[in-house]
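Open your viewer and keep the selection panel handy. We will walk through this model one selection at a time, with a short note on what to look for at each stop.

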Number of protein chains: 2
Amino acid sequence: MKLTELKAIQLAELFSALSDASRVRIISLLIEGEMSVSALAEDLKMTESAVSHQLRGLRQMHLVRARKAGRQVFYSLDDDHVYRLFSLGLDHIQHG
Amino acid sequence: MKLTELKAIQLAELFSALSDASRVRIISLLIEGEMSVSALAEDLKMTESAVSHQLRGLRQMHLVRARKAGRQVFYSLDDDHVYRLFSLGLDHIQHG
DNA sequence: TGAATAGTTGAGCAACTATTCATATAAATG
DNA sequence: CATTTATATGAATAGTTGCTCAACTATTCA
């Protein structure tokens, strides 16, 4: 499979979005359903600022989507590719 | 999906292995079949040292496997999870 | 055995990343 | 309007990563 340099970079960027344990845990929570920034922060025992910074990256990669409701922002998974990548990854680390 | 901290770290490490354009291009070449370090280096226009460093990481994550033949070392994909992660990733960046 | 070839490895450095802290914005509340 | 609450953002910093270079190991061949 011959990849253009551009596609290689884009693929690497996609996987980079999942290459940090904090982001992985954020995704794992969002698989259950949408959550606000502060709920994520509390659950993950991270500051809201740190969570917000990470969500920004995930948003830019179109892995999560934001819905504003009053002063809260609820995040959810943007499409099911994310969930499938996640499951495949789990398969690999479990019996790999 | 509630993840243990350990699994979150392992998942992040797996995706980290694919989070660099050089490694992505290495994988994309190995999808076609096994290749020696120097063949990879030539194809990717990287030094053999740089390729070798990257292959080490991929080996440690069990994404590639090494077969020694004389003084050459041929690398190939370790299992089909890699290919499937790769394809899903491509799906995402193409119509995501 | 000695020279050449294929690959690995460790140190060092530049570039990047994740977090914290302080500050800013925006919406609800009094 | 002023205050509080929820989130976002920029700068600073500590830690990580990917490359190069030099040195090393292992194998082949003369």
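Start by selecting the surface near DNA strand C: its residues divide into 5 nonpolar, 12 polar and 8 charged. Here Ala, Val, Leu, Ile, Met, Phe, Trp, Tyr, Cys and Pro count as nonpolar, Asp, Glu, Lys and Arg as charged, and the others, Gly among them, as polar. A residue is near a strand if one of its heavy atoms lies within 4 Å of it. This is a predicted model, in which local features need pLDDT of at least 70 and side-chain atom pairs count only at pLDDT 80 or more, while totals for chains, interfaces and linings use all residues. For your selections, residues are numbered from 1 along each chain as its sequence is written, chains are lettered from A and ligands numbered from 1 in the order in which they are written, and side-chain values use heavy atoms, with hydrogens and water left out.

**Stay with DNA strand C**

In all, 25 residues surround DNA strand C, and the closest are A:Ser22, A:Gln54, B:Ser49, B:Ser52 and B:Tyr75. Now colour the strand by part: of its atoms within 4 Å of the protein, 67% belong to sugar or phosphate and the rest to bases.

Next, zoom in on three pairs. The side chain of A:Gln54 places an N or O atom 2.4 Å from a phosphate oxygen of DNA strand C. For B:Tyr75, a polar side-chain atom lies 2.7 Å from a phosphate oxygen of this strand. At B:Ser49 the partner is a base oxygen, 2.7 Å from an N or O atom of the side chain.

Which elements should you show as cartoon here? H2 and H4 of chain A, together with helix H3 (37-44), H4 and strand S3 (72-77) of chain B, each supply at least two residues of the surface near DNA strand C. The largest share, 6 residues, comes from H4(B). Helices (H or I, at least four residues) and strands (E, at least two) are DSSP runs, numbered from the N terminus.

**Move to DNA strand D**

Select the 24 residues around DNA strand D; A:Ser38, A:Ser49, A:Tyr75, B:Ser49 and B:Gln54 come nearest. Sugar and phosphate make up 68% of the atoms of DNA strand D that come within 4 Å of the protein.

Where does a base oxygen take part? Look at A:His53, where an N or O atom of the side chain is 2.8 Å from a base oxygen of DNA strand D. At A:Val73, a polar backbone atom is 3.2 Å from a phosphate oxygen of the strand. On chain B, the side chain of B:Thr47 has an N or O atom 3.3 Å from a phosphate oxygen of DNA strand D.

The elements giving two or more residues to this surface are helix H3 (37-44), helix H4 (48-60) and strand S3 (72-77) of chain A, with helix H2 (21-30) and helix H4 (48-60) of chain B. H4(A) provides the largest share of the surface near DNA strand D, 5 residues. By class, that surface has 5 nonpolar, 12 polar and 7 charged residues.

**Show one chain, then both**

Hide everything but chain A. You will find 5 helices and 3 strands, in the order α-α-β-α-α-β-β-α along the sequence.

Bring chain B back. A rotation of 180 degrees with 0.0 Å of shift along its axis superposes chain A on chain B, with an RMSD of 0.1 Å; copies are superposed by least squares on the C-alpha atoms of residues with pLDDT of at least 70 in both. That is the relation of a two-fold axis. To find the axis, centre on A:Phe15, whose C-alpha comes closest to it among the residues of chain A, at 2.7 Å.

**Finish between the chains**

The contact (heavy atoms within 4.5 Å) takes 39 residues from chain A and 39 residues from chain B. The copies meet through the same surface, because 100% of the interface residues of chain A are also interface residues in chain B.

Between chain A and chain B the count is 3 salt bridges, each a side-chain nitrogen of Lys or Arg within 4 Å of a carboxyl oxygen of Asp or Glu. One to display is A:Lys2 with B:Asp43 (3.3 Å, N to O).

Methods. A polar contact is a pair of N or O atoms within 3.5 Å; within protein, one must be able to donate a hydrogen and the other to accept it, and residues adjacent in sequence count only if both atoms are side-chain atoms.
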